[in-house]
Structures are given as C-alpha cells and as structure tokens.
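Trainee: I would be grateful for a close look at one part of this assembly, namely the place where two of its chains meet. Please connect it with the elements that lie around it.

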Number of protein chains: 4
Amino acid sequence: MSTAVALAFQPVLDQIAADIAARPGRGRPADYIPALAEADTSRFGMAVAEPDGTVYGVGDWRQPFSTQSITKAFTLALTLSLEGEALWEHVGREPSGNPFNSLVQLEYENGIPRNPFINAGALVVTDRLHALTGDASGTLRAFLRAESGNADLDFDHAVAASEAAHGDRNAALAYFMASYGNIGTPVPELLEQYFRQCSLEASCADLALAAGFLARHGIRADGSSLLTRSEAKQVNAVMLTCGTYDAAGDFAYRVGLPGKSGVGGGIIAVVPGRCTLCVWSPGLDQRGNSVAGVAALDRFTTLTGLSVF
Amino acid sequence: MSTAVALAFQPVLDQIAADIAARPGRGRPADYIPALAEADTSRFGMAVAEPDGTVYGVGDWRQPFSTQSITKAFTLALTLSLEGEALWEHVGREPSGNPFNSLVQLEYENGIPRNPFINAGALVVTDRLHALTGDASGTLRAFLRAESGNADLDFDHAVAASEAAHGDRNAALAYFMASYGNIGTPVPELLEQYFRQCSLEASCADLALAAGFLARHGIRADGSSLLTRSEAKQVNAVMLTCGTYDAAGDFAYRVGLPGKSGVGGGIIAVVPGRCTLCVWSPGLDQRGNSVAGVAALDRFTTLTGLSVF
Amino acid sequence: MSTAVALAFQPVLDQIAADIAARPGRGRPADYIPALAEADTSRFGMAVAEPDGTVYGVGDWRQPFSTQSITKAFTLALTLSLEGEALWEHVGREPSGNPFNSLVQLEYENGIPRNPFINAGALVVTDRLHALTGDASGTLRAFLRAESGNADLDFDHAVAASEAAHGDRNAALAYFMASYGNIGTPVPELLEQYFRQCSLEASCADLALAAGFLARHGIRADGSSLLTRSEAKQVNAVMLTCGTYDAAGDFAYRVGLPGKSGVGGGIIAVVPGRCTLCVWSPGLDQRGNSVAGVAALDRFTTLTGLSVF
Amino acid sequence: MSTAVALAFQPVLDQIAADIAARPGRGRPADYIPALAEADTSRFGMAVAEPDGTVYGVGDWRQPFSTQSITKAFTLALTLSLEGEALWEHVGREPSGNPFNSLVQLEYENGIPRNPFINAGALVVTDRLHALTGDASGTLRAFLRAESGNADLDFDHAVAASEAAHGDRNAALAYFMASYGNIGTPVPELLEQYFRQCSLEASCADLALAAGFLARHGIRADGSSLLTRSEAKQVNAVMLTCGTYDAAGDFAYRVGLPGKSGVGGGIIAVVPGRCTLCVWSPGLDQRGNSVAGVAALDRFTTLTGLSVF
C-alpha cells in the first residue's frame with residue numbers, strides 16, 4: 001500500500017542491537033527438551049530482507065537456530081497454495097484465547113482447532129500437506145532452501161528425536177482429533193513429520209529471505225507465484241491475530257506487525273510491501289515468545305514508524 | 001506509512017452499493033430487544049471520511065442508527081487518553097476466543113476481562129471512565145458531537161430502557177467482576193451509564209468523522225491531541241484483534257482492517273493514515289456482525305487495495 | 001431397612017469428643033464475612049437424635065451457631081413437599097464437579113444449576129419456595145422451630161446484612177439465571193430471602209432434631225407427613241452425592257452418610273431409620289467443610305458401624 | 001447395618017420381568033463399535049446373589065454379554081487391595097460433573113482424573129494394576145472366574161480388536177495423562193490391556209456372584225479377605241457417587257444403591273450386607289446407561305424397600 005521513502009535498515013539494526021545489549025533480562029530458554037534448554041540466552045541476531053532479496057543483519061544473524069513453530073507459517077502458506085479455501089474446513093482462523101496446548105476448545109468445537117498456529121492446528125495443516133504431497137517435511141525443507149538460497153538448511157535429527165521423546169501431549173492432540181475424523185495420516189507417521197519439521201535449523205538471514213513472499217504479496221524469490229495477493233494478505237492476517245500463542249493481542253499492541261514466533265527463540269515479522277524481519281534470542285517469556293526478540297521488534301517499529309496501524 | 005496516490009472514494013462507494021444491492025441474504029436483526037428487532041434489513045449506508053474531514057457516502061449514510069458496541073472503541077480511546085497504561089491492570093487486550101458474553105474466561109482470570117470489547121471489558125472501561133469523569137456517557141456524547149460536528153447526536157432513552165429491561169446478563173457480569181474488586185461504581189449506576197452509552201444514535205457520516213482520530217494517529221478534528229501516535233496505533237491493534245466479537249480472525253482475514261461492530265448493524269473501520277469508514281445494515285450473522293456491512297468492507301479493500309496487510 | 005440392636009449413643013459421643021480434643025489442627029473459620037471470621041475454632045459440639053426425639057450431646061451441643069448452607073437441605077425438603085417432581089425442571093440433581101460457586105457449568109447448561117446445594121441451585125430452590133409461600137425464609141424458620149421445639153430459633157440480622165454486603169457473587173449468579181428465565185422473584189428480593197435464610201442460628205441439638213424427618217422416612221415430629229418415603233429417600237440421595245460442596249465423593253468415601261455442611265462449621269448427617277446427627281466446629285478445610293466435624297463423623301461411623309455402605 | 005427379615009427374591013424378580021416386559025421403550029444399543037451396535041434391545045436378564053452364594057435369576061440371566069465398564073469396579077477393588085490409599089495419589093474420587101470422556105477437567109487438574117470410573121480414571125487404575133501384577137487383564141479374568149465359579153468366562157477378542165480400532169479417544173486420554181507423568185506403562189501396551197479387560201463376557205449370574213465381596217464387606221467367595229471392611233465400604237461409596245457416568249445423582253435419587261454400569265447394557269448394584277444384583281438389557285439412554293436396567297433396579301428398590309437411604 002505504499003511507495004515509501006527508502007529506509008537505511010543497517011543503522012536501525014545497529015541501534016537496536018545496542019539497545020538490546022544494554023537491556024537487562026532475557027527470559028529463560030525452553031526447557032521441555034534438553035536440546036533447547038542448553039541454549040545461550042546472551043545470543044542475539046536480527047535480519048531484515050527487502051523484497052528484492054537484499055538482506056541486512058546484526059549480531060548472530062547468520063547463526064542457525066531451531067526454528068520450531070516458525071515453520072507453521074510456511075507450512076500454512078504451502079498448504080493454502082495447494083488446497084485453497086477448503087483447508088478451512090479442517091482448521092479455523094480465530095485466536096485461541098487459551099494457552100497454546102489447550103484441549104478445552106478443541107473438545108467444545110468437535111476436533112476442529114481454532115487456528116493453524118496452535119499445536120493442534122499445525123498438526124492438522126501438516127496432515128493436509130502430507131496428504132497432498134506425500135512428504136510434508138521434505139516439501140517444507142525444499143521450499144525454505146529455495147527461498148533462502150541456503151542449500152545446507154536441514155533438519156536437526158537429534159532435536160526431532162528429543163521432541164518425539166517428549167511428545168505425549170502432541171500425541172494426545174493428534175489422537176483426539178483423529179477421534180473426530182479430522183486427521184487422515186496414521187498418528188505415528190504424522191507425529192514424525194511434525195517433529196521433523198519443527199527441528200529445521202535456519203538463521204535469521206535464511207528466514208527473513210524465506211518469508212519474502214509475504215512482503216511480495218505472494219510472489220516467490222524466483223518471480224513465480226506461490227499465493228494470490230489475497231491469499232498472502234490472509235496469511236499475514238492469521239499471523240497478526242494468532243502468531244504469538246496467547247500473546248497475539250499484546251504483540252499486535254506493542255509491535256503492530258504480522259509475526260510468528262517459535263520456542264527456539266526466533267520470530268519472523270512482515271511489513272507488507274516493504275520488508276520481512278527475523279530476530280533470534282533464546283530466552284523466552286512466560287507465554288513462549290523471545291523476550292529480546294519482541295523487544296527488538298518493538299524498537300524496530302518505533303525507530304522506523306513501520307507498523308500496519 | 002504511505003504517501004499514496006489520491007483515490008476517488010465516491011465511485012468506489014457507488015460500486016459497492018450496487019454490488020450489495022445485487023447480493024441476496026442480509027441476515028436477521030438483533031432480536032434481544034424490541035427496538036432493534038424491528039429494524040429493516042434492506043437498509044444500507046456507507047461513508048468514508050478522509051483525514052481532513054471530507055466525507056463521502058452512499059445509501060442511508062446520513063440515517064441515524066443505534067451504535068451499540070461501536071461506542072466501545074470511543075470509550076476505550078477516551079479512557080486510555082485519561083488513564084494511560086494503568087487501564088491495562090483492569091482489562092486485558094487478548095482476543096477472547098469465546099462468544100462475547102462468556103463468563104468462563106472471566107472466572108478463570110479472576111474477574112479481569114480479556115479485552116475492552118467483550119461486554120465485561122466494556123463495563124470495566126466504562127467504570128474507569130465514570131470514575132475519572134463523573135459522567136461516562138455524557139463524556140462520550142460530548143466527544144462524538146464534537147468530532148462529528150453533529151450537535152443533535154444523542155441517546156435514545158427508549159433503547160436504553162429496553163436494554164436495561166433485558167440487562168440481567170450484563171448485571172451478572174458486573175456483579176461478578178465486583179466480587180473480584182474490579183468494579184468501583186455501584187452496579188446499578190454503572191449499568192445505567194453503560195446502557196445509555198450503547199443507546200447513542202449516530203449516522204455513518206457521524207461515525208466515520210468521529211473515528212477520524214484513529215486515521216490521524218491520535219489527532220482530533222480540531223487539531224488537538226487525544227492520543228499519542230503510539231496509543232492510536234494500540235487502539236487500532238485492539239480493534240483488529242478483538243473488534244468483531246468471536247469473528248475477529250475471520251474479519252482480519254477477509255477485510256484486513258481494524259474495525260468495531262455493533263449489534264445495531266453498524267461497523268467502523270480504519271485505514272491508518274488514509275481514511276475511516278462506517279457501514280450500516282441491520283441484518284446480522286450468527287456472530288453478531290452486519291452481513292452486508294462485512295461484505296461491503298470486503299469489497300472496499302478488494303476494490304481499493306487498501307488493507308493493512 | 002433395619003431392626004438393629006439398640007446403641008448407646010452417649011458413650012460414643014464422649015469418646016468422639018475426647019478423640020477430637022486430642023487431635024491437632026482445626027482449619028480456619030470462613031473469612032469472607034467478619035461475623036464468621038471471628039469464630040473460635042476450639043469450639044466443638046455434637047448431637048445425635050433418635051427417631052423418637054431423644055437427643056444426646058457432647059461439648060457445645062446447645063450453643064447456637066450460624067447454620068449457613070445447612071439450611072439448603074431443609075429448604076429443598078420444604079420445596080419438594082410443595083412442588084414435587086416439577087422442581088427438577090428448574091434445578092438438576094447431579095454432583096457439580098466444580099467449586100461451589102462456579103459459573104462455568106451454569107453457562108453450559110443454560111442457567112439450570114446442577115443441584116440444589118451449590119449456591120446457584122439454592123437460589124433457584126429459594127425462588128421456588130418464595131413463589132409458593134410468599135415468604136421463603138419465614139416458612140423455613142417456622143419449620144425449624146416446630147421440629148426442634150425451640151421457639152427462640154431465629155435469624156441473625158447482622159449476619160444477613162454482612163452476607164448482603166459481600167453478596168456480589170450471589171447477585172451475579174441470580175442475575176445470570178434470571179437471564180435464562182430461571183428466576184422469577186425480583187433479584188434484590190430473592191437475595192434478601194436467601195441471605196436471611198443462611199443467617200439462621202441453631203444449635204446441634206436443634207438441627208439434629210429438625211432433620212429427624214429424614215431418618216423417619218418423611219414423617220415430621222408431630223407425626224404428620226412432610227415427604228413421602230420415596231421423597232425422603234431422594235433428599236438423602238441428593239445429600240450424599242452433593243451435600244459437601246466439591247468434597248462429596250470424599251465425604252461418602254470417609255463417612256458414608258448423607259450429609260449437608262455449612263461454612264459456619266456445622267454438618268448434619270442422616271442414618272436412615274436410625275438417627276440424625278449434627279456436629280459443629282468452626283474451622284474449615286479448603287473445600288469449606290468443618291475439619292473437626294468431618295473427623296467426628298468419620299469416628300462415629302467407625303465406632304458404631306453405622307454407614308449406608 | 002441390618003438383621004433383616006428374609007426376602008423371597010424370586011417372586012420379586014418375576015414381578016420385575018413382567019413389569020419391564022410391559023414397558024415400552026428400550027433405548028438404543030451403543031453404536032461406536034459394530035459388535036455392540038448389533039445387540040438385540042429386547043433382551044433382558046436379571047440376577048440377585050445372596051452373600052452365601054445363592055443366586056436367583058429371571059430372563060436372560062445366564063446369557064453372557066459384554067461387560068465393558070462394569071469391569072472398572074472390579075479393577076478398582078483389585079488395585080485397592082494391592083496398593084491401598086496410595087492409589088488416590090493417581091486418581092481422585094469425586095464425581096466428574098461432565099460426560100464420561102471429557103478432557104476438560106483432566107487438563108484443569110494436571111492429569112489426575114476425577115474418579116476411577118471415567119475412562120481416564122480407569123486407564124490410570126489399569127496402569128497401576130498392570131504395574132503391580134504384570135498382567136492387569138489376566139488378573140481381572142482370574143478374579144472373575146474364581147468368584148463366579150465360571151471357568152469359561154473370557155475375553156471376546158473380536159470386541160477388544162473393535163474397541164482398539166475405534167480407540168483414538170482413549171489413546172488421546174492416555175497420552176495426555178502420560179504427558180503429566182501419570183501413566184507408567186507404554187501407552188500402546190496399556191490400551192491393549194484396557195480394551196481386553198472391557199471385552200470380558202459374563203452373565204448376570206456371573207457378575208452378581210463376582211460382586212459378592214461388596215455385600216460381604218470385603219470377603220471373597222472362598223472366605224478369604226480381598227478388602228478390609230472400610231475399603232469395601234469405600235468402593236461402594238465410589239460406585240454410588242460415580243458409577244453411572246454423568247447420571248450418578250439421578251441413579252442415587254431413583255435407585256439409591258451403589259452401582260456400576262457398562263455400555264454393553266449391564267449394571268451391577270449392591271445392597272451392603274444383603275445382596276448383589278446384576279441386570280442386563282442392551283438399549284441405552286443418552287447418558288450410556290441401560291434403560292430397562294435402571295428401570296428394573298428402580299422397581300427392585302420400590303418392591304423390596306432395600307435402599308441405602
């Protein structure tokens with residue numbers, strides 16, 4: 001919607017890194033699997049990618065980290081590109097209004113998860129992508145490699161195995177939805193796909209580039225179309241209203257951009273038409289979002305005036 | 001965030017009105033009070049106001065209607081301007097994930113409503129405004145008159161009385177929050193203020209103009225400041241994530257603008273920096289939003305490309 | 001169902017009193033109103049009444065205390081005697097499975113409370129009794145006076161006023177049910193009746209005698225019939241499954257008798273065909289039941305072998 | 001608690017069978033697995049066993065049927081006999097106040113099911129019995145054979161396989177509790193044990209005899225002790241308050257006996273000290289209890305005056 005003046009992103013990123021470095025308090029890493037619990041909360045990286053693929057960065061912006069739930073945004077886009085509106089018969093697009101693992105609303109709503117970004121919803125979207133492609137996690141990896149230009153981007157099998165070993169609750173969700181007929185893949189196979197997908201390692205640079213289609217209204221890095229303009233807008237809308245667990249309202253209030261976070265400490269965000277961002281720092285707040293990551297995005301919108309509101 | 005090309009709004013509105021007229025299905029008027037139940041669902045009006053106060057309209061855009069919950073956006077802005085961040089100790093800003101009258105989450109969260117736009121939250125905001133001004137509904141009326149330039153804009157006392165006569169559930173909400181110490185005004189007095197406020201009658205033109213400060217980043221019609229730029233952005237964020245009852249995700253997905261609806265059939269919406277809109281048609285969908293109103297806003301963003309995403 | 005050997009109750013009571021005196025830990029008095037919060041937790045009394053009106057006691061068994069929710073059992077019996085099975089269209093008879101003030105299930109079940117002993121259910125039963133008699137609390141007082149033979153038994157107006165002053169949550173419940181059409185009395189009048197009823201003062205002796213009809217299969221002290229044999233059995237069943245807030249299962253498991261407790265620290269219990277009991281000690285456990293009272297009833301069933309199981 | 005006059009049970013059973021035969025409406029068989037859905041709702045049998053092992057019957061009282069959840073009462077007793085009070089750290093004993101499969105309260109209460117008779121609770125009890133014996137279902141079968149004197153009593157492997165094929169929801173429950181650390185057995189193994197156990201076939205005569213220890217205050221058919229008098233009383237208490245899904249209050253109100261039902265259409269009931277009963281008819285009401293079975297037990301208590309209240 002804009003033909004804005006050019007912004008020099010590098011000085012903005014340097015300023016943010018300095019501000020974050022001076023800021024006490026980083027939260028605590030996710031502790032439900034050992035691989036994440038050992039993360040160093042002093043790490044911080046941030047990247048901004050322009051629609052033409054120019055990318056700026058600061059700190060640990062080239063360091064691969066565990067993407068975790070950030071992948072849910074890409075899986076949603078890929079599935080929507082293949083299945084279109086029919087996807088919404090399997091999953092809603094309303095904020096969940098409850099902690100991200102809650103089974104309560106799932107029960108009230110007959111096995112249809114509220115949105116694609118709570119775990120139940122992501123399982124359903126993965127189930128659809130797997131049904132449509134035969135290899136959900138492989139399709140995702142290929143997409144991220146192509147868009148980021150990083151052919152080394154890959155799964156971390158140790159993390160996937162660790163997730164599986166602590167995956168009772170996701171198994172419960174999957175079987176519960178299967179009991180309503182909303183999962184087609186055999187549950188053990190679905191869980192393997194899901195955990196593999198969450199284990200993808202990528203850097204801030206990789207993810208800022210890979211999310212570029214959301215700033216380019218659906219156009220991939222090679223100029224082909226992944227989503228229609230309308231679909232790209234819709235993915236951004238779901239990210240804004242549902243992308244940060246039970247803190248979506250607070251994130252919209254403070255940052256004002258579509259975003260998707262992961263418990264690895266990463267967050268991607270989109271300024272439609274202008275740029276995509278990725279920030280990483282492993283310390284989380286109580287709602288599972290990166291403390292330094294949210295603070296950095298908050299600074300970004302304050303310094304640049306870029307916000308959708 | 002934009003320096004966009006001028007858009008000719010009048011032809012867009014004419015096109016939308018034609019499209020809506022050709023569209024079957026208008027939903028049903030709110031039926032919980034007789035005054036609303038008699039509304040004619042064939043009525044339709046829409047107005048767009050530019051930041052400089054120029055206003056365009058089509059259909060019944062000068063016809064006063066019952067604003068109902070639309071007033072919650074204005075009450076929020078007025079209270080935030082007086083109380084600042086301290087307001088958020090009394091009410092949250094997360095989507096509710098449940099029908100708009102639900103007591104469930106209120107009980108789980110110790111009498112702190114999820115956001116200012118569910119009824120419980122609006123009662124809390126009204127309680128704060130009443131405590132700060134001594135006359136919540138009078139303050140609201142004065143503000144709407146000043147911003148719209150319509151000195152005749154007023155309460156409909158018959159509607160307020162009808163609301164009060166059917167107000168057992170709002171009484172329950174207010175007493176329930178009072179039991180947690182989150183309401184200071186005596187409940188009968190608070191309810192009177194609340195119902196009076198909801199009974200305000202205004203036209204699409206009035207409301208598009210009155211919401212202008214949300215497009216002007218907090219600046220009132222007379223050039224004075226109601227909210228800081230940051231606060232105005234925050235009100236827009238709350239409108240986008242919580243403004244349309246349990247359909248906020250769907251509204252963001254389809255329309256992609258901050259908006260606030262009322263069961264009188266009106267909806268206001270904001271294109272930050274560009275314009276404010278108000279549409280009215282009394283037939284509602286199952287979630288309490290105007291069927292023709294949502295469709296008209298959907299057409300507006302499609303025809304103009306104006307969307308925050 | 002029994003023609004049991006005569007039991008000498010006095011030595012049993014003496015033994016229980018000695019055991020309780022040696023037992024540390026009495027819980028804490030109800031603290032939501034000042035009148036109850038000041039109670040002396042060292043007080044303890046217990047009475048047993050035989051069907052013929054012979055009454056035995058120990059400790060503070062003639063000391064009047066605040067009956068509170070114990071009255072709900074009597075109100076239920078009186079209403080059932082007047083309205084019969086039609087009462088169950090207004091209130092259920094299933095255990096609530098939630099803390100006694102919960103609004104959650106009330107909302108799921110359209111304003112029909114789960115049973116007559118949660119506050120919501122007692123409000124509904126009081127509403128019915130008031131509709132049928134024009135004076136619910138007066139009817140209750142007259143009944144308790146007649147059955148206990150204590151013409152001085154009366155309301156404590158200071159306690160009733162204190163309850164009213166802290167009655168926001170009960171007001172919320174009443175308005176909430178009124179919104180579903182399940183309350184006929186104007187809410188302020190209903191609350192006055194309800195709080196007055198809860199404020200009745202009676203001693204263990206009074207209550208053990210007044211509950212005698214439940215051991216006599218529905219027959220009042222004067223030989224007239226209040227309830228049919230089947231109805232008396234039904235009141236006992238509701239007491240066993242719902243009489244001790246969220247601890248009904250635990251009470252049945254430990255004591256094994258129909259019982260009804262109150263936050264004043266009293267508990268009545270019934271051995272059908274054999275006797276009625278009342279115990280009082282103001283210290284409560286976390287679920288609102290008298291610590292020493294439950295322990296004393298537990299001792300009673302162990303020492304006498306009297307239990308319904 | 002009684003030294004009652006001898007009752008002639010056979011004429012009572014004959015009268016009940018005649019009454020039931022004249023009664024229209026039998027409900028519908030459980031339809032979630034084909035094996036049960038084909039049941040003939042005109043079938044009806046009932047047996048009464050005296051503490052000395054004398055057994056009376058009418059109709060299809062020697063016809064084996066699928067015991068389903070009736071086994072939960074026996075599994076509870078066996079586990080309690082081995083583990084004692086420590087069992088209650090893994091499962092509660094409060095009525096659930098929700099349909100029998102609900103995950104909601106399980107989530108609120110950190111993976112501790114409300115009682116041993118909802119599916120989640122039965123899974124936990126089976127997990128404990130399996131940990132203590134190495135073969136939960138084999139232990140149960142051996143016990144039922146010994147008590148009934150029927151060495152042919154066995155699993156129906158086709159029913160167990162059918163349950164497993166439709167067992168997604170039970171898998172969800174088990175994984176969910178495992179995520180809280182409240183299940184020790186690997187979930188697939190636990191489910192196999194659980195479904196096998198539910199598939200046990202037995203007749204009214206078998207089950208009335210096998211439940212005899214509950215009327216004999218814990219003493220087995222061979223005179224040895226399974227439970228203490230206090231433990232036997234406790235199992236009866238749990239049956240009365242939790243034994244008939246979400247209809248426990250109604251069952252206590254109408255029948256007034258400890259009971260446990262199964263979706264195969266069977267119900268066992270206990271008159272402590274006097275007799276045990278089993279009734280079977282496959283048509284169920286909406287809450288999963290046999291329509292003719294509940295009616296027959298209701299008639300039994302009316303005709304004999306035997307009720308715990």
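Mentor: The account below begins with the contact between two chains and then turns to selected residues and helices.

This is a predicted model, in which local features need pLDDT of at least 70 and side-chain atom pairs count only at pLDDT 80 or more, while totals for chains, interfaces and linings use all residues. Residues are numbered from 1 along each chain as its sequence is written, chains are lettered from A and ligands numbered from 1 in the order in which they are written, and side-chain values use heavy atoms, with hydrogens and water left out.

The contact between chain D and chain C draws 39 residues from chain D and 39 residues from chain C, where contact means heavy atoms within 4.5 Å. The size of an interface is often given as the accessible area lost when the parts come together. Here the area buried between chain D and chain C is about 3,400 Å², and carbon and sulfur atoms give 58% of it; buried area is the accessible area (1.4 Å probe) that two parts lose on being put together, summed over both.

Six salt bridges are counted between chain D and chain C, a salt bridge being a side-chain nitrogen of Lys or Arg within 4 Å of a carboxyl oxygen of Asp or Glu. C:Asp250 forms a salt bridge with D:Arg93, with the closest N and O atoms 2.5 Å apart. The elements that give two or more residues to the side of chain D that touches chain C are α12 (229-242) and α13 (248-254) of chain D. Helices (H or I, at least four residues) and strands (E, at least two) are DSSP runs, numbered from the N terminus. With seven residues, α12(D) gives the most to that side of chain D. The residues of the side of chain D that touches chain C divide into 17 nonpolar, 13 polar and nine charged. In this division Ala, Val, Leu, Ile, Met, Phe, Trp, Tyr, Cys and Pro count as nonpolar, Asp, Glu, Lys and Arg as charged, and the others, Gly among them, as polar.

D:Pro272 lies in the loop between β7 (266-271) and β8 (275-280) of chain D. D:Pro272 is buried, with a relative accessible area of 5%; buried means under 20% relative accessible area, exposed over 50%, and partly exposed in between (1.4 Å probe, protein chains only). Not counting residues up to four places away in sequence, D:Pro272 touches residues that include C:Val308, C:Phe309 and D:Asn236.

Within chain C, helix α6 (residues 136-148) has 13 residues, and its end C-alpha atoms are 18 Å apart, in agreement with the 18 Å that it should span at 1.5 Å a residue. The expected span is 1.5 Å times one less than the number of residues. Among the buried residues of α6(C) are C:Leu140, C:Phe143, C:Leu144 and C:Glu147. The buried residues of α6(C) pack against α3 (71-83), α5 (119-133), α9 (187-198), α10 (204-210) and α11 (212-215) of chain C. Just after α6(C), C:Gly149 takes a positive phi of about 75°.

C:Glu147 is also touched by C:Arg216, which sits in the loop between α11 and α12 (229-242) of chain C. C:Arg216 is buried, with a relative accessible area of 17%. The side chain of C:Arg216 reaches the backbone oxygen of C:Pro51 at 3.1 Å.

Terms used. A polar contact is a pair of N or O atoms within 3.5 Å; within protein, one must be able to donate a hydrogen and the other to accept it, and residues adjacent in sequence count only if both atoms are side-chain atoms.
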